Amino acid sequence: FFFYDKGDFFWTYMGTVRTPRPAVEASLDGAELSVRGLQSDFYLLQEVDSFSRRSYYVYQIDSLRDRRPDYQAHFTKNFKNNRVPIPIFQPWDHYGYVRSGLLSMSRFEAESAQRLALPGKLSWPTRLFQLDRCVLRQSYTTSWGDELVVYNVHLSAYDDGSKKAAEMAWLKQQLLEDEAAGRKVVVGGDWNQVPPGFDYARFTPMLADEFFQLEISFDFMPDGWKWVYDPATPTNRKTKSPYSPTGSPTTLIDFFLVGPGLKIDKVQTLDQQFQFSDHQPVRLEITFQ
């Protein structure tokens, strides 16, 4: 469960703020299995805890890096709070201390790695306890001289859409600047919205009234940019109840945006039946043109 799906700022169902430790450990084992079992040049992970009450203060960064010890890793925080005091009316069951963020690992050595803050603020007091959204941007120079830029993103959730719109506008400007400079660009992660033209309730139309996801507009990026996803498999489920293939709302909010000069060879969502997370990994294969 995620308590925000089960309640709100003031209260929630007992036992949903902090998942029992065996379930947390099983989720981390699943993430490690995915990193170890899926051979990739790059891994883009979100919601990796460095030291948080919710994950029993396990340093998940090292747990994941140990599965690819020869890979370069960069981590940046987007959630840092000494005590998240929500749900407000359940002081005995607060979210508590949290340190979490984005982790990118690569088989290649990055020339630069940057934390770039995303714009916009949630209303007070919610913004005191929510994530400080950012992207992790890494640049690489290929052996033939092309520059590749890889973005790890995790955009806003639980907003009215205005903050996400500001984040998207900022991201678009950043990406077009990279393109204008001759760089090849790949953006991947949790967008918390569906790609252009995608029906958010495609996988569970009978449950469409139970949730909603914003949709990126068709004309958001100019010609040559490609939204890349696997339309056959959901990447995210809602967590109001234990997972059921027919009883849990599922959607697709994890995907890639690929700039000009890169050819899409394959994209596939690994269907793990949400055993380890409320998200599922997506694998992309590209070649330079």
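Which residue does Arg283 meet in a salt bridge? I looked this one up before anything else, keeping in mind that the model is predicted. The partner is Glu285, with N and O 2.6 Å apart. I then checked how open the two ends are. Arg283 comes out partly exposed at 30% relative accessible area, and Glu285 is also partly exposed, at 31%.

**Entry: the other salt bridges**

I asked for the total and got 12 salt bridges. I went through some of them by hand.

Asp159 pairs with Lys164, N to O at 3.2 Å. Buried or exposed, I wondered, for Lys164? Lys164 is buried, with a relative accessible area of just 6%. Asp159 sits at 19%, and since the cut-off for buried is under 20%, Asp159 counts as buried too.

Next I looked at Lys184 and Asp146, whose closest N and O atoms are 3.8 Å apart. This pair ties together distant parts of the chain, 38 residues apart. Lys184 belongs to strand β7 (residues 184–190), while Asp146 is in the loop between β5 (134–141) and β6 (147–154). I noted Lys184 as buried at 14% relative accessibility. Asp146, at 21%, goes down as partly exposed.

I also found a group rather than a pair: a network of salt bridges links Arg137, Glu147, Asp178 and Arg183.

**Entry: the sheet**

I turned to the strands. In what order do the 6 strands of the open sheet run? I read off β4-β5-β6-β7-β11-β8, with mixed pairing. β4 (112–117) and β8 (226–228) have a single partner strand each, so they stand at the edges and one side of each has no neighbour in the sheet. I also took down the twist: ignoring direction, neighbouring strands here are turned by 20 degrees against each other on average.

I zoomed in on the β8 edge. β8 runs antiparallel to β11 (residues 254–258), and 3 bridges join the two. Which residue of β11 does Trp227 face? I found Leu257 opposite Trp227.

**Entry: the helix over the sheet**

Last stop was helix α4, residues 162–180. I wanted to know which strands α4 lies across. The list is β4, β5, β6, β7, β8 and β11. Against β6, α4 runs at about 170 degrees.

Going back over my salt-bridge notes, I put Lys164 and Asp178 on α4 by their numbers, as the helix covers residues 162–180. Lys164 is the buried partner of Asp159 that I had at 6%, and Asp178 is part of the network with Arg137, Glu147 and Arg183.

Conventions: Residues numbered from 1 in each chain as written. Predicted model: local features only at pLDDT ≥ 70, side-chain atom pairs only at ≥ 80, totals over all residues. Heavy atoms only, no water. Salt bridge = Lys/Arg side-chain N within 4 Å of Asp/Glu carboxyl O. Helix = DSSP H or I, 4+ residues; strand = E, 2+ residues; numbered from the N terminus. Buried < 20%, exposed > 50% of the residue type's maximum accessible area, 1.4 Å probe, protein only. Pairing = 2+ DSSP bridges. Axes fitted to C-alpha atoms, helices over the stretch in contact; angles between N-to-C directions. Contact = heavy atoms within 4.5 Å.
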